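Let's take a stroll through a protein model together. Have a look at the picture first, and then we'll go over a few spots in it.

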Amino acid sequence: MNQKKGKQAVAANAISDDLQCLLQGRHHDPFALLGCHRQGSGWIVRAILPEAQQAEVVLEGAAEPMLQLTDTAMFPFKYRSKSKPRYRLRWQRSSGEWVEG
């Protein structure tokens, strides 16, 4: 599943209690939610990027935009694949500089 290009936001009130705890710094196991995890028939990549104005997942050399949860530093990305994707993250700081990690 590819997401549309351009900056988009997802309402933070549409997220689970576990994600709310994570965003509040109260989750007992943050890496159970962050990173890449199986979700249904696909995968979800989640990152908290406090300095990011926007973020992308780089898959097979192509950058796909991540949606930002409104008023948070959380960027999720859903990907349909049978196998776990190999990916990198890129994000743009408020200075305009792009960082990859």
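Is Tyr79 buried or exposed? Tyr79 is buried, as its relative accessible area is 17%, and the cut-off for buried is under 20%. Keep in mind that this is a predicted model.

Tyr79 also has company. Searching the whole structure turns up one aromatic pair. Its members are Phe77 and Tyr79, and the angle between their ring planes is 25 degrees, so we call them stacked. The centres of the two rings are 6.5 Å apart. Phe77 is buried too, with a relative accessible area of 1%.

Here are the two partners together:

| Residue | Relative accessible area | Status |
|---|---|---|
| Phe77 | 1% | buried |
| Tyr79 | 17% | buried |

Another ring worth a visit belongs to Trp98. The charged end of Arg90 sits over that ring, 4.3 Å from the ring's centre.

Now for some strands. β4 covers residues 52-59 and β5 covers residues 62-65, and the two pair in the antiparallel sense over four bridges. In one of the pairings, Val58 has Ala63 in β5 as its bridge partner. Together β4 and β5 make a hairpin, with two residues between them. In the turn, Glu60 has a positive phi of about 50 degrees.

How far can you trust all this? The protein chain has an average pLDDT of 83, and 85% of the residues score at least 70. Residues 1-8 are another story: pLDDT stays under 50 there, although the model has 20 contacts for them beyond four places in sequence. Where pLDDT is low, the predicted coordinates shouldn't be read in detail.

Key: Residues numbered from 1 in each chain as written. Predicted model: local features only at pLDDT ≥ 70, side-chain atom pairs only at ≥ 80, totals over all residues. Heavy atoms only, no water. Pairing = 2+ DSSP bridges. pLDDT = per-residue confidence, 0-100. Contact = heavy atoms within 4.5 Å. Phe/Tyr/Trp six-rings, centres within 6.5 Å; stacked < 30°, edge-to-face > 60°. Buried < 20%, exposed > 50% of the residue type's maximum accessible area, 1.4 Å probe, protein only. Lys NZ or Arg CZ within 6 Å of the ring centre and 35° of its normal.
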